[in-house]
Amino acid sequence: MSKVIGTQAMNEVSTLAAQSQAVWEEWNNLGVIERVTRLNSWADNVGQRGGDFTAASNLIRFQLHQAEALLAPIHEMPGPTGETNELYTSGRGLFLVTGDESLTVTALAGQLAAVLVAGNCALLAVPGSLKRDAEALIGDLVKASAPNRLVALLDSDKTEDAMVSTPICGVAAAAHPATLIAMNRKLAARDGVLVQFVAEDNASQLPLVASPTYLLRFITERTRTINVTAVGGNATLLELGGGEH
């Protein structure tokens, strides 16, 4: 019986992950500036709730400000044969955003904002005490014209299933050190490509999440080359990425 229940739980997690990934490219292809615009509206919605959501809104805006400074610029690098090389950032894919009982709505919002503005989709797995706040964040996000299902909410007891069975490219967690160590071991036991682990061990002060370069942990770099010196004068385009992980 427990095996059947476990299989059902994994199927549910896999379904939510697939739904989130289905809208990922749409979100990623919007570009940094358009994502910042929509997420600023999200911050407005969150801030209107007052209370703890005010600090959450402020941390969202901080991440968006950093994205404009760090992610939006496209760096041009002239090539030796006259081609133009452009270096820019892109999202990686699906991230799991989670934490233990120390997780706050501010920490959750800060992690999620960094994941989203970088061009990723997300699964949220939060303690039961934070479930209503997480639902509010997701509802406000949809009202801000983010794609439906871009972020999916899991029950906290499905966190391990998400870490083990879904095609995540990374985990952002705010938790006590012992919890983070256990999560890291679980991720290290996965088969296949290593999963990025972004661990915050102080969910109240947030020294990592509130750091200026936090969101750089959720991107990949891509290079776009435009060559107008090809035989016959035809322009060729080559686009290379750093991989999804």
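Which backbone oxygen does the side chain of Thr166 reach? In this predicted model, the partner is the backbone oxygen of Ala162, at 2.4 Å. Thr166 is placed in the loop that runs between helix 7 (159-165) and strand 6 (170-174). With a relative accessible area of 2%, Thr166 is buried, because the limit for a buried residue is under 20%. When residues up to four places away in sequence are set aside, Thr166 touches Val13, Ala17, Leu123, Asp161 and Arg190.

Confidence in the prediction was examined along the chain. The mean pLDDT is 88, and 84% of the residues reach 70 or more. Residues 1-6 have a pLDDT below 50, and this stretch has zero contacts in the model beyond near neighbours in sequence. The pLDDT is also below 50 over residues 231-235, a stretch with four contacts beyond near neighbours in sequence.

The largest nonpolar core comprises 75 residues, and those with the most contacts inside it are Trp42, Leu96, Leu108, Leu116, Val151 and Phe218. Helix 5 (residues 105-117) gives the most to this core, contributing ten residues. The surroundings of Leu96 include Leu123, Ala125, Leu154 and Thr159, together with Ala162, Met163, Ile168, Gly170, Val171 and Ala172, again not counting residues up to four places away in sequence. Leu123 is thus touched by Leu96 and is also touched by Thr166.

Helix 8 (residues 177-188) was considered next. Its twelve residues should span 16 Å at 1.5 Å a residue, and the end C-alpha atoms are 16 Å apart, so the expected and modelled values agree. The buried residues of helix 8 are Leu180, Met183 and Leu187. Viewed down the axis of helix 8, the buried residues fall within an arc of 60° and therefore line one face of the helix. An α-helix has 3.6 residues a turn, so residues three or four places apart point the same way. Ala178, Arg185 and Ala188 are exposed on the other side of helix 8. The cover over the buried residues of helix 8 includes strand 3 (94-99), helix 7, strand 6 and strand 7 (196-200).

A further set of contacts involves Asn45, a residue of helix 3 (residues 32-47). The side chain of Asn45 reaches the backbone oxygen of Asp140 at 3.1 Å. Asn45 touches Asp140, Lys143 and Ala144, with residues up to four places away in sequence not counted. Although Asn45 and Lys143 are 98 residues apart along the chain, their C-alpha atoms are separated by 8.0 Å.

Conventions. Residues numbered from 1 in each chain as written. Predicted model: local features only at pLDDT ≥ 70, side-chain atom pairs only at ≥ 80, totals over all residues. Heavy atoms only, no water. Core = buried A, V, L, I, M, F, W, Y, C linked by side-chain atoms within 4.5 Å. Buried < 20%, exposed > 50% of the residue type's maximum accessible area, 1.4 Å probe, protein only. Helix = DSSP H or I, 4+ residues; strand = E, 2+ residues; numbered from the N terminus. Contact = heavy atoms within 4.5 Å. pLDDT = per-residue confidence, 0-100. Polar contact = N/O pair within 3.5 Å; in protein donor to acceptor, adjacent residues only side chain to side chain. Expected span 1.5 Å × (residues − 1). Arc of directions from axis to C-beta.
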